[in-house]
Amino acid sequence: MKLVIIEPLGVDEQKLLSLTHDTLGQDIEVIYYDTRTTDTDELIKRGQDADIIAVSNLPLSREVIAGCTNLKMLAVAFTGVDHIALDACRERDITVCNCSGYSNAAVTDLVFGMVVGLYRNLIPCNEVVRQEGTKQGLVGFELEGKKFGIIGTGAIGMRVAKVAAAFGCEVYAYSRTVKNEEGIHYTDLDTLLKTCDIVSLHVPLTPSTTHLINADKLALMQPHALLINTARGPVVDTKALADALFNHQIAGAGIDVFEVEPPVPSDHPLFSAPNVIVTPHIAFATIEALEKRAVIMLDNVKNFLSNTPTNVI
């Protein structure tokens, strides 16, 4: 049995290989690639003899899947799987497992880092004080008492809800699955957008969530409202969001995800929009989360080999 770790997973190579051997034993052959590539031919070359491929957020196309003729399992070291040609996997009966849950704390931390950064004008404050300025025009807001809207109450959304409640916020939610959680007011999407001071997105990318937040939905939000997106870039219509910021339809945004993986082109419309914090798809990436992810991924492989697969998509 051959496992190919087709791209770096953010964990020290020796530590990752040690974890691999501790979890899977010495009988499985492990090949590790310490460089990332998007070249189709190179990916096929790397994976053509693999029984199992471990991958993070590197796109694997139908062509790559077809070229990996021995492939039986994809161990996706990520929560979302929209970068994987799932139809091609299903046609070949290839098992796909993800690592749901590893980044719950990490993503939640960044959500509130962005909210506090925007509410307290941290980036402008940093610039002003270095230029011998004062707090003039930079007095911010408190989280306590604000209406915090969460779109998508999966594991991350629920953690965000708990932290928002701890800050003293009123928590509202819109999700395809309503959970009986004290202190969360479920409502329809339009009502949430009209009501909330802060809206945080936590949905997967699907046909139904693509441009879920568009010009019409942004027009429902309050002029002082913030939009936070640590989910997937295409969930938001970027051009519509930039227009809403320029036109002061909403007050600010925190964006960690884009239509493409970083590096993002320098002429991206959000880069010139006012009161935006942007980060390079880093919400999931903490030392702790990446190590948790490696452990979950290897457990998924171990369970697959034992015919008891876990976290199957």
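# Exercises on helix packing and backbone geometry

Helix 5 and helix 7 are oblique to each other. The model is predicted, and the exercises below work through its helices and loops.

## Exercise 1. Packing of helix 5 on helix 7

Task: determine at what angle helix 5 and helix 7 pack, and which residues make the contact.

Solution.

Step 1. Helix 7 covers residues 155-166, and its axis lies 9 Å from that of helix 5, at an angle of about 50°.

Step 2. Angles under 35 degrees count as roughly parallel and 65 to 115 as roughly perpendicular, with oblique for the rest. The pair is therefore oblique.

Step 3. The crossing of helix 5 with helix 7 is right-handed.

Step 4. Helix 5 contributes Asn-104, Ala-105, Val-107, Thr-108, Val-111 and Phe-112 to the contact, while helix 7 contributes Ala-155, Ile-156, Arg-159, Val-160, Val-163 and Ala-164.

Step 5. Sorted by class, these residues are 9 nonpolar, 2 polar and 1 charged.

## Exercise 2. Length and burial of helix 5

Task: compare the expected span of helix 5 with the distance between its end C-alpha atoms, and state how many of its residues are buried.

Solution.

Step 1. Helix 5 runs over residues 104-119, which is 16 residues.

Step 2. The expected span is 1.5 Å times one less than the number of residues, so helix 5 should span 22 Å.

Step 3. The end C-alpha atoms are 23 Å apart, in agreement with the expected value.

Step 4. Buried means under 20% relative accessible area. By this cut-off 12 of the 16 residues are buried, and helix 5 is mostly covered.

Step 5. The buried residues include Asn-104, Val-107, Thr-108, Val-111 and Phe-112, which also take part in the contact with helix 7. Toward the other end of the list stand Gly-117, Leu-118 and Tyr-119.

Step 6. Just after helix 5, Asn-121 has a positive phi of about 55°.

## Exercise 3. Packing of helix 1 on helix 11

Task: classify the orientation of helix 1 and helix 11, and give the composition of their contact by class.

Solution.

Step 1. Helix 1 covers residues 13-24, and its axis comes within 10 Å of the axis of helix 11, crossing at roughly 30°.

Step 2. This angle makes helix 1 roughly parallel to helix 11, since angles under 35 degrees fall in that class.

Step 3. The crossing of helix 1 and helix 11 is right-handed.

Step 4. On helix 1 the contact residues are Lys-15, Leu-16, Leu-19, Thr-20, Thr-23 and Leu-24; on helix 11 they are Glu-291, Ala-294, Leu-298, Asp-299, Val-301, Lys-302 and Leu-305.

Step 5. The contact of helix 1 with helix 11 holds 7 nonpolar, 2 polar and 4 charged residues.

## Exercise 4. Backbone exceptions in loops

Task: locate the cis peptide bond from Pro-262 to Pro-263, then describe the settings of His-211 and His-281.

Solution.

Step 1. Most residues other than glycine have a negative phi, and most peptide bonds are trans.

Step 2. The bond from Pro-262 to Pro-263 is cis, with omega near 10°. Pro-263 belongs to the loop between strand 11 (252-255) and strand 12 (276-278).

Step 3. His-211 has a positive phi of about 55°. This residue is in the loop between strand 9 (198-201) and helix 9 (215-218), and counts as partly exposed because its relative accessibility is 37%.

Step 4. His-281 has a positive phi near 50°. Its loop joins strand 12 and helix 11 (287-305). His-281 is buried, because its relative accessibility is 10%.

## Exercise 5. Loop residues and C-alpha distances

Task: state whether Thr-37 is buried or exposed, and give C-alpha distances for Thr-37, Gly-101 and Ser-208.

Solution.

Step 1. Thr-37 sits in the loop between strand 2 (29-32) and helix 2 (40-47). Its relative accessible area is 16%, so Thr-37 is buried.

Step 2. Beyond residues up to four places away in sequence, Thr-37 touches Glu-42, Leu-43, Arg-46 and Leu-58. Pro-59 is 22 residues from Thr-37 along the chain, with a C-alpha separation of 9.7 Å.

Step 3. Gly-101 lies between strand 5 (95-97) and helix 5, in a loop, and is partly exposed at 32% relative accessibility. From Gly-101 to Ser-272, 171 residues apart along the chain, the C-alpha separation is 34 Å.

Step 4. Ser-208 is in the loop between strand 9 and helix 9 and is exposed, at 61% relative accessible area. Ser-208 and Gly-137 are 71 residues apart in sequence, and their C-alpha atoms are 41 Å apart.

Conventions. Residues numbered from 1 in each chain as written. Predicted model: local features only at pLDDT ≥ 70, side-chain atom pairs only at ≥ 80, totals over all residues. Heavy atoms only, no water. Helix = DSSP H or I, 4+ residues; strand = E, 2+ residues; numbered from the N terminus. Buried < 20%, exposed > 50% of the residue type's maximum accessible area, 1.4 Å probe, protein only. Axes fitted to C-alpha atoms, helices over the stretch in contact; angles between N-to-C directions. Parallel < 35°, antiparallel > 145°, perpendicular 65-115°, else oblique. Left-handed = near helix turned anticlockwise from the far one by under 90°. Contact = heavy atoms within 4.5 Å. Nonpolar A, V, L, I, M, F, W, Y, C, P; charged D, E, K, R; others polar.
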